[in-house]
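Please open the structure in your viewer and keep the sequence panel beside it, since each stop on this tour begins with a selection and then describes what is found there.

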Amino acid sequence: MRPVLFLLYSLLISYVSIAQYPGGSGRPGGATPKMTGTMYGKIVEGTTSKPIGYASVQLLQDKFDSVTKKMVKDVVINGMLTESNGDFRLENVPVFGKLKLRISVVGFKPYEQPVSFDIKRPEGGGAPDMSAMMNALDKDLGNIAITIEEKMLENVTITSEKPGLQLGIDRKVFSVDKNIVSAGGTAVDVMRNVPSLNVDIDGNVSLRNNSPQIFVDGRPTTMELDQIPADAIESVEIITNPSAKFDASGGTAGILNIILKKNRKVGYNGSLRTNIDSRAQVGFGGDINVRQNKVNAFASINYNQRLSKSFGTTDRTTFGSSSTIVSKQIDTSNFSGNFTFGRAGIDYFISNRSTLSANYSIAGGKFDPFSSNTLLTNTTGASTSASKTIRLSNSNREFNRSGGSVSFKHNFPQPGREFTADINYRERKGPSDNLISTIFFKDDLTTIDSIGNQRQIGDGKSKDFTFQADYVNPINENSKMEFGIRASFEQDINYNGFYNVDKISGQINPNATSFIDYKSNDRVLAAYGTYSNKINNFGYQLGLRAESSNYKGDLLTTNEKFNIDYPISLFPSVFVSQKLKANQELQINYTRRINRPNFWQLTPFLDSSDILNPRIGNPRLQPEFTNSMELSYQKIFKNKDNFLASIYYKNTNNLITTFQETLPSIANGKDQLLTKYINANSSYITGLELTMRNNITKWWELTTNFNLFTSKITLDDPSLNQDQFASWFTKINNTFKVSKNLSIQLSGSYQSKTVLPPGGGGGGRYGGMFGQTSSAQGYVNPVYYIDAAVRYTFLKENRGSLSLNMSDVFRTRISDIHSESAIFIQDVSRRRDPQILRLNFSWRFGKFDASLFKRKNNKQQGDQGGMEMGM
């Protein structure tokens, strides 16, 4: 009889709890809180520690009654029955506010305790560590012991927006959903509006005048930024000086971590979206997330058409021993195509504390670039001549990238103690076919002399396998240790050949005039450990990472072999912070990192699609090592305004940079300027960065970023080093909340005369056209631009939104690069895709399914199985 009474009582408790607020959120009408988490644990008997099944678990919170205008105490906002093994899990729990856990079991004493999430945000609302925040939203209450009550219980009475930029000492978090101007675009459009970042017209990103490493969901990626839809991105983390916990490889400027959208709320939710731009290019996509019991599944797909147009000129004067050559090249480029991005995954909640996840993503597309280069040259000196050449390039290019991961996470009863492990596999394929027609004119510069046709055929594929495991062990509330290991293996196989084409038949000569077949293998093994401690307002973290790397390249056509081996390299990191009065904080840190040359820098392919600026990789490149120091100060004001100031210094040895020198042409043996990659002796960059986020009024949010810096690259030949000068850039982002449903955004950027980032500028990914120049010999002239957008939300709960955005409103985004040496002076000016207008529509759908509780309770009565799990 006792079990029956207990079961009826427990069901009554849960039914009343859910019926009072069917949305499960503690709000009338089931409105879902903006930020929710999960609490879980196990109910055990106090003396024997045996699990107690079918216990009623309730979560209470004080609520404001809009009818009576009074606070109602201890309103039930969530509830369930424990599993037969004593486990319980409460979903969609409000993150903020005072909460109370109440446990009721027939025959046991009532149990109550205050509970909360361990979200340790910087005081005043600075930028959180998103990984730590996600972990904090998964609250383990541990084993809760209750004691037997001698008297039977007779009766029971039951009563019933995140900012666009978050600043922190160690990182900035940029919310993409708040960034209207990038809607319908790619990750490149997102980065153009992220503070601290510079993006050129080809989509190359620099952070503090160096190239950062790109992560997706905390792991390095092989995907290009223009292959990731903006609508698939949740947020972007800017980590300027990563600790030893992070991969030491890639980028000397820090890490950009792209967080993709994913949801684990019980029930189902998703969105549909579409867009069209002023060039009649369309895009559409959607995502869905379904969560029930032990399984969370999600999927998303995006399709976008792209049409890009650019125009440029290159003016060059080349000084020879007996003559001077003045050249002018006029370039036009159009490329059209489409790309698709898809992602799907599943989370299986093995228990309250263990989760197994798997996901798979795929990206693919086809592009048809066309370019035209008209080259006019005049030679004066010992001999005088003039010539004209036109080169037409018609290409067909494909890219196919796919990858998947399997990960396991276990949370221990001790808060903050966890173990994670994951396996990642990625592969890339990219065939290309380029028909190059070169038209030579006679001395009158109007009559065609001859036409030469060549086909450039290439293909390549790569495979990448990575394993990583991390363990976090809190020693006490103020200190913890972290350990981890990582192994990465990458293989690349690529070939590239130039073939003459018969003028009449159009058939290619099977004997290539130039052919390169290149194979490489890259291996990196790593392990790290960190120790963190806090003493009152003083904190520090000490870390050390060890990496062993080996790169082997095999140029099959010439039987040349390249081997770059670093048996062991150590990368220490030190972070020291001091919290001051009035919500102020000071931090100083030091790290050492490595940047290994990438595939395009290593592969010895000659790219001559631009007549005036051929380029080639260098398989003898060595890795570069960077020592970084940063001093940061943060002030958070009473109205939640943030101010962040940083002084930084980076010194790099063996800097990988581009350089132009005169070499004999492979085609005709004549001297030509060739852009290649080299290791400079060293470089340094130092600067001051200021970032301010202000809530000017309730309807106006302003974010301002200012960066003042200077840099210098040192080459073997001192005569080739350019003069050092100071540079600066600023970004301003305004968001105006005109009404409840209408928002306007204006963002702008200005960059002064700037030394080119190491690695070169003006290249781009589509053929390397339009005058690459050397970062050791050149600079970028000032440039500014303004983007604008407006968004209107409608339908119930603002589920529908319509936005209109425009990039480069005043057609001022121009790349203007100057470079020179003892043998040449060159100026390259380019413009790409000005004043693009894009109209976007999106619709959110979803439902928090309260009946899941009832179905689960019924299932428990029938087979005592099933458990509803969550993050």
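Select strand β2 (residues 56-65) together with strand β5 (residues 99-104), and you will have an antiparallel pair joined by five bridges. Within this predicted model, Leu60 stands opposite Lys100 in β5. Extend the selection to β3 and β6, and the view becomes an open sheet of four strands in the order β3-β2-β5-β6, with antiparallel pairing. Because β3 (70-81) and β6 (111-115) stand at the edges and each has a single partner strand, one side of each is left without a neighbour in the sheet. From one strand to the next, the twist averages 30°.

Keep Lys100 on screen and add Asp74, Arg102 and Glu112, since these four residues are linked in a network of salt bridges.

Next, select β4, β1 and β7, which form an open sheet of three strands in that order, with mixed pairing. β4 (87-94) and β7 (138-146) are the edge strands, each with a single partner, so that one side of each is left without a neighbour in the sheet. Neighbouring strands here are turned by 25° against each other on average, direction ignored. Now look at strand β1 (residues 36-45) and β4, which run antiparallel and are joined by six bridges; to find the register, select Gly37, which stands opposite Val93 in β4.

The next stop is a cavity, the second largest in the model, which holds about 650 Å³ of space. Of the 28 residues that line this cavity, select Thr186, Asp189, Arg192, Arg306 and Asp833, which lie nearest its centre. The elements that give two or more residues to the lining are α3 (187-191), β18 (295-319), β19 (323-349), β43 (800-807) and β46 (836-847). If you colour the lining by class, you should find ten nonpolar, six polar and twelve charged residues.

Stay with two of the residues nearest the centre of that cavity, Asp189 and Arg192, whose side chains meet in a salt bridge at 3.6 Å, N to O. Is Arg192 buried or exposed? Its relative accessible area is 12%, so Arg192 falls under the 20% limit for a buried residue.

From here, move to other salt bridges, of which the count for the model comes to 30. Select Asp492 and Arg428, whose side chains meet at 3.1 Å, N to O. Asp492 lies in strand β25 (residues 479-500) and Arg428 in strand β22 (residues 418-429), so the pair ties together parts that are 64 residues apart in sequence. Both Asp492 and Arg428 are buried.

Then select Arg455 and Asp433, where the side chains meet in a salt bridge at 2.2 Å, N to O. This pair also links distant parts of the chain, with Arg455 in strand β24 (residues 448-474) and Asp433 in strand β23 (residues 432-441), 22 residues apart. Arg455 is partly exposed, with a relative accessible area of 24%, and Asp433 likewise counts as partly exposed, at 23% relative accessibility.

Go on to strand β37 (residues 700-714) and strand β38 (residues 726-737), an antiparallel pair joined by eleven bridges. A useful marker for the register is Asn705, which stands opposite Lys731 in β38. On adding strand β39 (residues 742-751), you will see that β38 and β39 also run antiparallel, joined by nine bridges. Here Asn733 stands opposite Ser747 in β39. β38 and β39 form a hairpin, with four residues between them.

For the last stop, select Glu797, found in the loop between β42 (783-794) and β43, and then Asn798, which is found in the loop between β42 and β43 as well. What is there to notice about the phi of Glu797? The phi of Glu797 is near 55°, a positive value in a residue other than glycine, and the phi of Asn798 is also positive, near 55°. Glu797 is partly exposed, with a relative accessible area of 46%, while Asn798, at 28% relative accessibility, counts as partly exposed too.

Methods:
Residues are numbered from 1 along each chain as its sequence is written. This is a predicted model: local features need pLDDT of at least 70, side-chain atom pairs count only at pLDDT 80 or more; totals for chains, interfaces and linings use all residues. Side-chain values use heavy atoms; hydrogens and water are left out. Two strands pair if DSSP finds at least two bridges between them. Axes are lines fitted to C-alpha atoms, for helices over the stretch in contact, and angles run from 0 to 180 degrees between N-to-C directions. Buried means under 20% relative accessible area, exposed over 50%, partly exposed in between (1.4 Å probe, protein chains only). On a 1 Å grid over the protein atoms alone, a cavity is a set of points where a 1.4 Å probe fits but cannot get out, and a pocket is an open set with protein on both sides within 12 Å along at least five of seven lines; lining residues have an atom within 4 Å of a point. Grid points are joined across faces, edges and corners, and a volume is the space filled by probe spheres set on the points. Ala, Val, Leu, Ile, Met, Phe, Trp, Tyr, Cys and Pro count as nonpolar, Asp, Glu, Lys and Arg as charged, and the others, Gly among them, as polar.
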